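The exercises below ask you to read one structure from its overall make-up down to single residues. Each task is followed by a solution that goes step by step.

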Amino acid sequence: MADASADVAIIGAGAAGLATAIFTRSHAPALTVRLLDGAVRPGAKILVSGGSRCNVTNVEVREDDFNGGSRAAIRRVLRAFTAADARAWFEQRGLALHEEPHGKLFPDSNRSRDVVDLLLDASSRAGVRHHFGERVIEIVRLGQGFDLRVTDRTYRARRIVLATGGLSLPKTGSDGWGYDAARALGHTVVPTTPALVPLTIDDSAGSPHRQLTGVAQPARIDVQVDGRVATRVDGAMLWTHFGISGPAALDVSRHWLRARLEGRDVTLAANLVPAHRFETLDAHLVDAARTRPRARIETVLADLVPTSVASAIAAHASVAADRAMAELTRDQRRALVHALVALPLAITGSRGYNYAEVTAGGVSLAEIDPGTMTSRVCPGLSLVGEILDVDGRLGGFNFQWAWSSAWVAARHLASTR
Ligand code: FDA
């Protein structure tokens with residue numbers, strides 16, 4: 001027997017669930033909306049986001065910034081509630097945002113706490129009924145709705161929204177339960193992998209990552225799949241004791257992991273001097289040997305990359321970096337250039353979901369109507385946010401997906417009284 005009924009019950013009070021609840025009640029104040037979350041204090045993932053500053057969205061968000069399901073479907077959702085709409089929504093509620101490099105928008109306060117507080121406050125004000133600390137353990141489909149079982153009670157709802165996130169940072173409560181729930185309701189789940197995650201490197205492969213731990217540098221990382229460059233990412237790369245991190249590494253991670261998942265032949269190579277390719281860098285060193293014959297090799301290299309990287313790469317190419325440029329043989333020079341513009345990164349895997357910002361894969365977008373976010377296989381069910389097979393690159397895109405998909409779902413829920 002159900003204890004309490006509602007027009008709409010939303011499972012998960014992360015970015016997507018909170019926004020869906022707020023938007024639904026704002027569009028249709030007569031609807032009873034319950035928002036359930038296993039966490040006593042939801043919003044944990046927003047709190048840790050963007051280095052605790054929350055990169056709320058980006059000045060420009062397009063479907064090309066995402067991977068996963070159909071780009072056309074993603075575009076349709078993004079267009080319904082754009083990044084400009086999201087910015088205006090937050091600013092109208094007193095959260096001024098400012099732009100940082102790469103179009104990233106952050107709160108002027110630089111506090112993710114302000115984003116969480118704003119959303120929780122807006123949800124309370126909108127009259128959403130909060131059920132925090134109440135984890136849903138079972139969804140039972142009824143003729144005209146659903147029963148949601150939490151530990152000691154059952155809620156009945158005409159319509160439900162799965163906003164349970166994916167598998168990234170599972171300690172925040174997003175532990176993949178939503179995938180099982182979606183499967184039980186008839187959905188297909190595209191196999192998942194971590195995304196926006198640091199990558200690990202084989203220690204025995206002569207990689208310089210350990211000795212360069214803590215060094216950040218610009219890089220261009222190529223992902224070669226089945227012998228051709230499938231993805232190229234430019235950005236800062238951070239060497240770590242386990243491998244690589246930093247924006248460029250995070251952005252390529254999903255491409256390596258997806259190719260691996262599909263059993264493809266995948267390799268990564270880093271250009272540590274992205275302004276150069278083999279021929280131009282080789283010509284540069286030939287010129288340096290002519291004009292600065294007595295300069296040490298490491299000194300010349302240190303004009304191109306951080307000093308520690310210069311030494312490590314010289315060692316990697318078996319070149320004595322303390323020798324003069326005039327002593328550099330042609331073969332040594334070419335080995336150096338090769339290591340600098342196409343350093344193979346012997347990736348072994350990733351740091352896993354505990355370190356991933358987002359999940360690639362998820363509930364198939366083909367089974368969702370992008371005009372309503374409703375399920376095509378289970379009437380009365382909507383899905384929003386990271387649970388879906390959509391993952392954005394670094395830069396505020398994943399939150400924009402949460403805001404946009406929430407808006408589309410809410411618009412529909414409000415129109416079907
Ligand atoms: P989310 O995972 O946030 O929420 C799901 C909620 O469902 C959780 O509160 C969970 O407790 C609840 N739940 C799960 N199962 C349940 C059940 N059975 N019953 C009840 N409740 C249940 N993105 C971005 O755009 N800019 C950024 O700066 C960052 N930075 C960032 C940093 C880090 C460290 C991480 C891990 C992630 C980011 N992201 C990001 C990604 C972004 O945080 C992420 O895409 C969204 O928070 C996803 O929002 P959702 O609401 O879909 O899921």
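The chain exposes about 17500 Å², of which carbon and sulfur atoms supply 48%. The model is a predicted one, and the values below are computed from it.

**Exercise 1. The chain as a whole**

Task: Describe the secondary structure of the chain, its C-alpha box and its share of buried residues.

Solution. Begin with the secondary structure, which comes to twelve helices and 23 strands. Next, take the principal axes, along which the C-alpha atoms fill a box of roughly 85 × 45 × 35 Å. Then turn to burial: of the 417 residues in the chain, 56% are buried. Finally, consider the contacts with a separation of 6 or more, 73% of which join residues 24 or more positions apart.

**Exercise 2. The nonpolar cores and helix H12**

Task: Find which residues have the most contacts inside the largest nonpolar core, and establish how many residues of H12 are buried.

Solution. The largest nonpolar core has 83 residues, and those with the most contacts inside it are Ile139, Leu162, Trp401 and Trp403. Helix H12, which runs over residues 397-415, contributes the largest share of this core with twelve residues. Apart from this core lies another of 51 residues, including Val273, Val337, Leu340 and Leu345. In soluble globular proteins, nonpolar side chains tend to be buried together.

To look at one member of the largest core, leave aside the neighbours of Ile139 within four places in sequence; Ile139 is then in contact with Ile11, Phe146, Asp147, Leu148, Ile160, Leu162, Trp177, Ala181 and Leu185.

For H12 itself, count the buried residues: 16 of its 19 residues are buried, so H12 is largely enclosed by the rest of the structure. Its geometry can be checked as well, because at 1.5 Å a residue the 19 residues should span 27 Å, and the end C-alpha atoms are 27 Å apart, which agrees.

**Exercise 3. The surroundings of the ligand**

Task: Identify which residues come nearest to the ligand, and state how much of its accessible area the protein covers.

Solution. There are 32 residues around the ligand, and Ala16, Asp37, Ser174, Glu386 and Phe399 come nearest. Sorting the shell by element shows that helix H1 (15-27), strand E2 (33-37), helix H2 (44-52) and H12 each supply at least two residues, while H2 gives the most, with four.

The polar pairs can then be taken one at a time. A polar backbone atom of Gly38 is 3.2 Å from a nitrogen atom of the ligand, and a side-chain N or O atom of Glu357 is 3.4 Å from a nitrogen atom of the ligand. On the oxygen side, an oxygen atom of the ligand lies 3.5 Å from a backbone N or O atom of Thr172. As for cover, the ligand on its own has 1000 Å² of accessible area, and the protein covers 94% of this.

**Exercise 4. Helix H11**

Task: Determine whether the end-to-end distance of H11 agrees or disagrees with the expected span, and say which elements cover its buried residues.

Solution. Helix H11 consists of the twelve residues 330-341, which at 1.5 Å a residue should span 16 Å; because its end C-alpha atoms are 16 Å apart, the two values agree. The buried residues in H11 are Arg333, Leu336, Val337, Ala339, Leu340 and Val341. Their cover includes strand E16 (266-271), helix H8 (278-291), helix H9 (297-301), helix H10 (307-316) and strand E17 (343-345).

**Exercise 5. A histidine in a loop**

Task: Decide whether His209 is buried or exposed, and list which residues it touches beyond four places in sequence.

Solution. His209 lies in the loop between strand E12 (199-201) and strand E13 (216-225). Its relative accessibility is 0%, and because buried means under 20%, His209 counts as buried. The side chain of His209 makes polar contacts with the side chain of Asp203, at 3.0 Å, and with the side chain of Ser207, at 2.7 Å. Not counting residues up to four places away, His209 touches Ile201, Asp202, Asp203, Trp239, Thr240, His241, Phe242 and Gly243.

Key. Residues are numbered from 1 along each chain as its sequence is written. This is a predicted model: local features need pLDDT of at least 70, side-chain atom pairs count only at pLDDT 80 or more; totals for chains, interfaces and linings use all residues. Side-chain values use heavy atoms; hydrogens and water are left out. A nonpolar core is a set of buried Ala, Val, Leu, Ile, Met, Phe, Trp, Tyr and Cys residues joined through side-chain atoms within 4.5 Å. Buried means under 20% relative accessible area, exposed over 50%, partly exposed in between (1.4 Å probe, protein chains only). Contact means heavy atoms within 4.5 Å. The expected span of a helix is 1.5 Å times one less than its number of residues. A residue is near a molecule or strand if one of its heavy atoms lies within 4 Å of it. A polar contact is a pair of N or O atoms within 3.5 Å; within protein, one must be able to donate a hydrogen and the other to accept it, and residues adjacent in sequence count only if both atoms are side-chain atoms. Accessible areas come from the Shrake-Rupley method with a 1.4 Å probe; for residues, only the protein chains shown count as cover.
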